[in-house]
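Subject: Structure for you to look at

Hi,

Here is the structure I promised to pass on. Have a look, and my notes follow below.

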Amino acid sequence: MFGEILTAIVTPFREDGSVDVDKFRELAVYLVDNGSDGVVVTGTTGESPTLTDDERFALYEAAVDAVGDRATVIAGTGTYSTAHSVHLTGRAHELGVHGFLVVTPYYSKPPPRGIVEHFRAIGEVSDRPIVVYNIPGRVVINIEPETMAELAELPTVTAVKQAYDDLDQARRIVELGLTLYAGDDNLIFPFLRLGGAGGICVHTHVVGPQVKRMVEVFRSGDEAGARRIDEETEPAYELLKVAPNPIAIKAALNLLGHEVGGHRLPLVPATDDEVARVRDCLERAGLKIPAAA
């Protein structure tokens with residue numbers, strides 16, 4: 001296991017649009033100090049489609065240096081090009097990351113055998129573990145149980161980030177012997193009940209300690225107590241629905257004083273109305289917003 005709670009970390013940008021590696025390092029340390037067992041770098045939350053390869057590599061190196069001795073660093077190296085994914089994975093391996101998050105190839109809609117060959121090719125460039133990222137809402141294709149069973153036979157495929165609320169399919173992932181992570185934050189609790197490990201999350205940027213505590217309470221046998229904690233974080237789930245990810249979570253981090261900057265197009269900053277709604281969610285979650293914000 002990579003840990004129970006992994007945060008898909010945002011990529012901070014300066015006013016000129018360049019990557020702010022120093023702020024990234026600060027945020028990675030903050031997350032690990034506040035409930036995260038590791039970070040996923042250059043996922044969709046990290047705005048990976050707008051990053052150059054060199055920017056990706058700088059972030060992997062910074063994450064390994066900042067927290068790699070006490071937390072797991074997972075590199076999001078999956079793209080819709082197998083050759084590009086192989087290149088990113090090989091270089092991330094050289095930089096010392098602990099594993100890879102690889103999304104189902106998007107846009108081209110490969111058949112199941114193409115998905116398997118995509119993961120097979122990526123797995124051949126590193127002996128470190130791969131987390132399969134199944135998110136049909138963004139890539140259109142759902143990895144069906146039969147295909148997941150084939151992926152489970154690949155030696156380095158060890159886990160699945162499942163952003164799909166079909167509990168039967170999630171249970172099948174566990175039965176295959178793969179580590180199950182919730183890919184949508186509100187699925188952590190139901191997936192724990194199926195034998196899941198935890199989640200690869202976004203809301204843990206702001207409620208990391210609470211979510212980590214929820215998992216610990218569940219593991220202690222107090223399911224009702226874990227459910228109560230989960231219900232208390234409901235405003236953080238609402239926050240993520242204010243605007244497409246990562247617009248809302250970046251607005252939240254900026255309100256809380258983390259200064260992660262804005263976005264690269266086609267993403268745009270939160271509107272005044274959206275910021276107000278984010279502020280309301282944070283306050284209802286019990287978080288203190290600095291007066292200057």
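To start with a question: how many residues apart are E117 and R120 in helix α4, and what does that come to in helical turns? They sit 3 residues apart in α4 (residues 112–123), so about one helical turn separates them. An α-helix has 3.6 residues a turn, so residues three or four places apart point the same way. In this predicted model, E117 and R120 do form a salt bridge, with 3.2 Å between the closest N and O atoms. As for accessibility, E117 is partly exposed because its relative accessible area is 43%, and R120 is partly exposed as well, at 34%.

On a related note, E4, D37, K212 and R219 are joined into one network by salt bridges that share partners.

**More salt bridges**

The count comes to 19 salt bridges, and two others are worth a click while you have the viewer open.

One of them is in helix α1, between the side chains of K23 and E26, at 3.7 Å from N to O. K23 and E26 are 3 residues apart in α1, so about one helical turn lies between them. K23 counts as partly exposed because its relative accessibility is 21%; the cut-off for buried is under 20%. E26 also counts as partly exposed, at 48% relative accessibility, where exposed would take over 50%.

The other joins the side chains of E94 and R91, at 2.9 Å from N to O. E94 and R91 both belong to helix α3 (residues 82–94), again 3 residues apart, or about one turn of the helix. Are the two partners buried, partly exposed or exposed? E94 counts as exposed, since its relative accessibility is 57%, while R91 is partly exposed at 33%.

**Helix α12**

Next, go to α12, which runs over residues 247–255 and is mostly covered, with 8 of its 9 residues buried. The buried ones are I247, A248, I249, K250, A251, A252, L253 and L255, so you will find a lysine in that list because K250 falls under the 20% cut-off for buried. Which helices do these buried residues pack against? Their partners are α1 (21–33), α9 (204–219), α11 (234–240) and α13 (272–284). That brings back α1, the helix that holds K23 and E26. Just after α12 ends, G257 takes a positive phi of about 95°.

**The cavity**

How many cavities of 30 Å³ or more does the structure hold? There is 1, and the largest cavity has a volume of about 40 Å³. Its lining is made up of I143, E144, P145, M148, Q162, Q169, R172, I173 and L176. Two helices, α6 (145–152) and α7 (167–175), each supply at least two residues of that lining, and the largest share, 3 residues, comes from α7. Sorted by class, the lining has 5 nonpolar, 2 polar and 2 charged residues.

If you only have a few minutes, I would look at the covered helix α12, then the lining of the largest cavity, and then the E117 and R120 pair in α4.

Cheers

Terms used: Residues are numbered from 1 along each chain as its sequence is written. This is a predicted model: local features need pLDDT of at least 70, side-chain atom pairs count only at pLDDT 80 or more; totals for chains, interfaces and linings use all residues. Side-chain values use heavy atoms; hydrogens and water are left out. Buried means under 20% relative accessible area, exposed over 50%, partly exposed in between (1.4 Å probe, protein chains only). Helices (H or I, at least four residues) and strands (E, at least two) are DSSP runs, numbered from the N terminus. Contact means heavy atoms within 4.5 Å. On a 1 Å grid over the protein atoms alone, a cavity is a set of points where a 1.4 Å probe fits but cannot get out, and a pocket is an open set with protein on both sides within 12 Å along at least five of seven lines; lining residues have an atom within 4 Å of a point. Grid points are joined across faces, edges and corners, and a volume is the space filled by probe spheres set on the points. Ala, Val, Leu, Ile, Met, Phe, Trp, Tyr, Cys and Pro count as nonpolar, Asp, Glu, Lys and Arg as charged, and the others, Gly among them, as polar. A salt bridge is a side-chain nitrogen of Lys or Arg within 4 Å of a carboxyl oxygen of Asp or Glu.
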